[in-house]
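The following exercises are set for a reader who is new to this structure. Each task is followed by a solution that proceeds step by step.

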Amino acid sequence: MKNLFPAASIVVPAYNAATTIRETLDSLLDQTFADFEIIVVDDGSSDSTVAIVKGYADPRIRLISQANRGLAGAHNTGIAAAKGAYVGFCDADDLWLPEKLELHIRHLEDNPDVGISFAGSSMIDRDGKSVGINQSPKLKNITAADVFCRNPIGNGSAAVIRAAALEGFGYRPAGETERDWWFDENFRQSDDIEGWLRFIVTQDWKIEGIPGHLTLYRIHIGGLSANVEKQFQTWLAMRDKIARLAPALVERHGDRAAAYQLRYLARRCVSLRQGRAALGYALRSLKASRRPLIEEPVKTTVTLAAAAVIALAGDGLYAHVENRLLGTSNA
């Protein structure tokens, strides 16, 4: 008898993704593990995203359209609709290598105490070409402090979650009438790290990675938020929420985590060619904590030096530091 439900669900949040979603869907349909459904959550797109998705005849693709609720809202809608025993996420501009789903499912099947499986990522540019930068995070013995300070999961297209682990993770906030939340829709940024942190401090499941760079993570320089300070304020609000759940974690690691986040924003400002802002965030990072300088001296020093060069010399030297600094999602 044919199984009524797929083994895995892949949630694809999509907002005005017409230029990339076809490539994303093709990479998912090319998975070596074929027993899955793809749930595309159209989050209020105004371009041809919906038409492109409807153009696929593959019955494994489902389309759900909703008014814009942000990335967290699209993830929540996809999770609520998922039928698989495993739930993966792939943003509508990223790509999965063909073996990604198979390797994560094998990892989860072999390790029944692991709730979230992830892997490293390789960066690609707007045209899908490698920029020569990889995310190679810590994979084993992941602690709440690791997630708080460095977020080893790295980006929204890296994780595959055991559906059973989502059962205790979801909640229904006041005023929500449609479905549960797994990610906090009050956060338009930092929603992923808030979710992973809440997961690790409230659940008994482990978060663990597997070797390889199995996601191709696309960098959009023009899409980076220009309001970097707002990103930091959102991160602070996220930190304050977690402090209510795990006060000892934030008390012990809050300054270190803030320093890593400020360094990340400095690198984003370099990408935006905002030299003075980049230097300001780099110096604020050092003031918050010297731990990033001790733990990752090369990356921290390069960030500070590049910010100083761009602040003093303008955009003329930008090309000399671009390949070192673009697209790093880890703080």
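**Exercise 1. A salt bridge of K241**

Task: Determine which residue K241 meets in a salt bridge, and state whether each partner is buried or exposed.

Solution. The model under study is a predicted one.
Step 1. The side chain of K241 meets that of D184 in a salt bridge, with a distance of 2.6 Å from N to O.
Step 2. The two partners come from distant parts of the chain, 57 residues apart: K241 belongs to helix α8 (residues 228–245), and D184 to the loop between α6 (163–167) and α7 (191–202).
Step 3. A residue is buried when its relative accessible area is under 20%. K241 has 16% relative accessibility, so it counts as buried. D184 has a relative accessible area of 5% and is therefore buried.
Step 4. Elsewhere, R69, E176, E178, R179 and E185 are joined into one network by salt bridges that share partners.

**Exercise 2. The packing of α7 and α8**

Task: Classify the arrangement of α7 and α8 from the angle at which they pack, and describe the residues in contact.

Solution.
Step 1. The axes of α7 and α8 lie 10 Å apart, and the packing angle is about 10 degrees.
Step 2. Angles under 35 degrees count as roughly parallel. The helices α7 and α8 are therefore roughly parallel to each other.
Step 3. On the side of α7, the contact is made by I193, E194, L197, R198 and V201; on the side of α8, by M238, K241, I242 and L245.
Step 4. Sorted by class, this contact of α7 with α8 comprises six nonpolar and three charged residues, and no polar ones.

**Exercise 3. The packing of α9 and α12**

Task: Find how α9 is oriented with respect to α12, and give the handedness of their crossing.

Solution.
Step 1. Helix α9 (residues 247–271) packs against helix α12 (residues 297–313) at an angle of about 40 degrees, and their axes are 10 Å apart.
Step 2. This angle makes α9 oblique to α12.
Step 3. The crossing of α9 and α12 is left-handed.
Step 4. The residues that meet are R263, A266, R267 and V270 in α9 and K299, T300, T303, A307 and I310 in α12. By class, the contact of α9 with α12 has four nonpolar, two polar and three charged residues.

**Exercise 4. Two further salt bridges**

Task: For the salt bridges of E208 and D180, name the partners and compare how each residue is exposed.

Solution.
Step 1. Side chains of opposite charge can pair when their charged atoms come close. A search of the whole structure finds 22 salt bridges.
Step 2. E208 pairs with K140, and their closest N and O atoms are 3.3 Å apart. This pair links distant parts of the chain, 68 residues apart, with E208 in strand β9 (residues 206–218) and K140 in the loop between β7 (130–135) and α5 (144–150).
Step 3. E208 is buried, at a relative accessible area of 11%, whereas K140 counts as partly exposed, at 43% relative accessibility.
Step 4. D180 forms a salt bridge with R172, and here the closest N and O atoms are 2.7 Å apart. D180 counts as partly exposed at 27% relative accessibility, and R172 likewise counts as partly exposed at 44%.

**Exercise 5. The surroundings of N76 and F232**

Task: Locate N76 and F232 in their helices, and list their contacts beyond neighbours within four places in sequence.

Solution.
Step 1. N76 lies in helix α3 (residues 70–81). N76 has a relative accessible area of 0% and is therefore buried.
Step 2. With neighbours within four places in sequence left aside, N76 is in contact with R179, D180, W181, W182, F183 and E185.
Step 3. F232 lies in helix α8. F232 is buried, at a relative accessible area of 6%.
Step 4. With neighbours within four places left aside, F232 is in contact with A258, Q261, L262, L265 and R284. The C-alpha atoms of F232 and Q261 are separated by 7.6 Å, although these residues are 29 residues apart along the chain.

**Exercise 6. Positive phi values**

Task: State where N141 and N151 are found, and whether each is buried or exposed.

Solution.
Step 1. N141 is not a glycine, yet its phi is positive, at about 55 degrees. N141 is placed in the loop between β7 and α5 and is exposed, with a relative accessible area of 65%.
Step 2. N151, also a residue other than glycine, has a positive phi near 40 degrees. N151 is found in the loop between α5 and β8 (160–162) and is buried, with a relative accessible area of 9%.

How values were computed
Residues numbered from 1 in each chain as written. Predicted model: local features only at pLDDT ≥ 70, side-chain atom pairs only at ≥ 80, totals over all residues. Heavy atoms only, no water. Axes fitted to C-alpha atoms, helices over the stretch in contact; angles between N-to-C directions. Helix = DSSP H or I, 4+ residues; strand = E, 2+ residues; numbered from the N terminus. Parallel < 35°, antiparallel > 145°, perpendicular 65-115°, else oblique. Left-handed = near helix turned anticlockwise from the far one by under 90°. Contact = heavy atoms within 4.5 Å. Nonpolar A, V, L, I, M, F, W, Y, C, P; charged D, E, K, R; others polar. Salt bridge = Lys/Arg side-chain N within 4 Å of Asp/Glu carboxyl O. Buried < 20%, exposed > 50% of the residue type's maximum accessible area, 1.4 Å probe, protein only.
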